[in-house]
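User: I'm new to this one, so could you walk me through it? I'd like to hear the reasoning behind the labels.

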Amino acid sequence: MKSEQQSVFCNQLNSKPFDESKIDQSLTQRRNANYKPNIWNYDFLQSLKSHYFEGKYKIEAQKLKEEVLCILAEIVNPLSKLELIESINKMSLSHLFEKEIMLSLQDMEYAKKKYSSSEMDLYSTALHFRIFRQYGYNVPQDVFLSYMDEMGEQFEVDANMDPKTMVQLFEASHLALEDENMLDGARIFCNKNLKSSTNIIPLHWMVEWYNARRQISKQENEARESNLKLLQLAKLNFNMIQAEHQKDLADILRWWRKVGLIENVSFSRDRIVESFLWSVGVAFEPQHSHFRNWLTKAITFIIVIDDIYDIYGNFHELQIFTNAVVSWDPREVEQLPSCMKTCFWKLYDATNDVALAIQQQKGWKLPVSIYLQKVWAEFCKALLVEAKWDSEGYTPTFCEYLDNGWKSPGGPVLSLHVLLGLAQDLSQVNDFLENEQDLVYYSSLIIRLCNDLETSTAELERGDVSSSILCYMRKADVKEDVAREHIKDMVMETWKKMNKHSIENNSSSLRPLMKHIMNIARVTHFIYQNGDGFGVQDGETHQQILSSLVQPLPLM
């Protein structure tokens, strides 16, 4: 398969070793990002105890699941069945009914000759299109042809249509592929006529678990008699999974306090709770507890190492640190400041521990550490490129920036942990890296673009010279607002490429891994939706942590 990037883990910079002389710290001026201190009470979070681990709740959940299965099986009307599937998805229950949903869609696809698209209104057409595409069916955009003008470019429907229909069309338009002009027209139409559409993230870009509580409350307000069992199951399932997440969080906090890294890097962000929330967004299902632990550790090191390159280290020190990570040799860091030495040692120990844990849990004989060492090296080399630009006052071209920038936020590091943590065997990991690496690039690029849209102003204030926005402003000779719109358009086009990739590989055994790689992009949209969710803790990220990890839902 021809890859958009020749290799996800390609070499970026050949770092040459420096001499072994000590660095004169008195000549080094350190920057300060003025990050606020951690707001979380770790003792409180570790003390959270839930009674939803009790066996009686598992029995009740299984009973409710069987009742919902009966409801799903009894529904004959295609629209009603799709609406039930939509509700299941919105309330984060799809993992309980995955096989039954796929069978239902197969039956509906087989029986579709019994009802023609001309018999469906715009609401049912949009819902059908969205659900089937979400599950990998290549439904053609032509299903909307009867709603288009003669040129097939603009929607010719009443702008005062039922809001439910407008929302469904808006959601469907975000499952578009490249060059699907009808769906572009649908999105433009909805953005023009749907109130507050500019601030709405489509469901396809949302993290399923982060949205579950809001959707459960919405369904409760609109509950019909036929959906009461589904609502009861959703509430109970939410609390049971939250209990598992609380246990996972307590485990990772014990590790974080024991490892003692943040005490040695006072200039950096202490964001272990937010890092755990990110891992929950990538894979919330209860069986992925070990994976969340491994991914959270990786995210915390991405944050601290990023701060070392952005704020603390001078270019000389950063080259030495990079060489140490590339060679994976602790002796390389002996001449560095104590905080950088400590960071390397903690990364070295944690990476080796995670690699060993993955091998032991999965029974793999080949060393996983080789994969992890390489991706950490590529991450640091990408950060070093940015540090070199910064030290020279050089503003890269737009292409130069993106060629390096898709790696520097750590997307490939996250993706590799997804593959190693969730793949059934190493052959799946190698198969993905060989044939599906474009998906890693796309999700990583979205991290870069969304990060720049929300953090570029603060980064410029503290002296950073590059962002995709600034580079595009110089390339196209345009103002900042025009550049921002261009970056937003790039995000949209990148999602279209991911959508295409997902549909083209619908029958692949790697599809579950693809979903979790795409979830990385979904978490990114949440983190950077209204600012920097890592840099600033007391905004929407704070509320999401409380609702997802701390506060259970009241049962009916």
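Analyst: Let's start with a term: a residue is called buried when its relative accessible area is under 20%. Keep in mind that this is a predicted model. With that cut-off, 59% of the 556 residues of the chain count as buried.

User: What makes α16 largely enclosed by the rest of the structure?

Analyst: For helix α16, 12 of the 12 residues are buried, so the helix is largely enclosed by the rest of the structure. Among them are Gly411, Pro412, Val413, His417 and Leu422.

User: How do you know that the span of α16 agrees with what it should be?

Analyst: The expected span is 1.5 Å times one less than the number of residues. For the 12 residues of α16, residues 411-422, that should give 16 Å, and the end C-alpha atoms are 16 Å apart, so the two agree. Helix α14 works out too: its 24 residues (369-392) should span 34 Å, and its end C-alpha atoms are 34 Å apart. Right after α14 comes Gly393, with a positive phi near 65 degrees.

User: How many helices and strands are there in the chain?

Analyst: The chain has 22 helices and 0 strands.

User: Why is α10 called oblique to α11?

Analyst: The axes of α10 (residues 272-282) and α11 (residues 289-312) come within 8 Å and cross at roughly 130 degrees. Angles over 145 count as roughly antiparallel and 65 to 115 as roughly perpendicular, with the rest oblique above 35. That makes α10 oblique to α11. Their crossing is right-handed. Where they meet, α10 brings residues including Phe276 and Trp278, and α11 brings residues including Phe291 and Ile303.

User: And why are α6 and α7 called oblique to each other?

Analyst: Helix α6 (residues 163-173) and helix α7 (residues 181-193) pack at about 135 degrees, with their axes 8 Å apart. Roughly antiparallel would take an angle over 145. So α6 and α7 are oblique to each other. This crossing is left-handed. Among the residues making the contact are Met166 and Phe170 of α6, along with Phe189 and Cys190 of α7.

User: What about Asp179, is it buried or exposed?

Analyst: Asp179 lies in the loop between α6 and α7. Exposed means over 50%, and Asp179 has a relative accessible area of 69%, so it is exposed. Its phi is near 65 degrees, a positive value in a residue other than glycine.

User: How do you know whether Trp328 counts as buried or exposed?

Analyst: Trp328 is at 10% relative accessibility, so it counts as buried. You'll find Trp328 in the loop between α12 (315-327) and α13 (338-362). Trp328 also has a positive phi, about 55 degrees, although it is not a glycine.

User: Is Ser94 buried or exposed?

Analyst: Ser94 has a relative accessible area of 14%, and the cut-off is under 20%, so Ser94 is buried. Ser94 sits in the loop between α3 (78-90) and α4 (98-110). Leaving aside neighbours within four places in sequence, Ser94 is in contact with Ile88, Asn89, Ile101, Tyr135 and Glu208.

User: What makes Glu220 partly exposed?

Analyst: Glu220, found in helix α8 (residues 208-221), has a relative accessible area of 35%. Partly exposed covers what falls between the 20% and 50% limits, so that is the label Glu220 gets. The C-alpha atoms of Glu220 and Leu231 are separated by 7.0 Å, with the two residues 11 apart along the chain.

Methods: Residues are numbered from 1 along each chain as its sequence is written. This is a predicted model: local features need pLDDT of at least 70, side-chain atom pairs count only at pLDDT 80 or more; totals for chains, interfaces and linings use all residues. Side-chain values use heavy atoms; hydrogens and water are left out. Helices (H or I, at least four residues) and strands (E, at least two) are DSSP runs, numbered from the N terminus. Buried means under 20% relative accessible area, exposed over 50%, partly exposed in between (1.4 Å probe, protein chains only). Axes are lines fitted to C-alpha atoms, for helices over the stretch in contact, and angles run from 0 to 180 degrees between N-to-C directions. A crossing is left-handed if the near helix is turned anticlockwise from the far one by less than a right angle, and right-handed if clockwise. Contact means heavy atoms within 4.5 Å.
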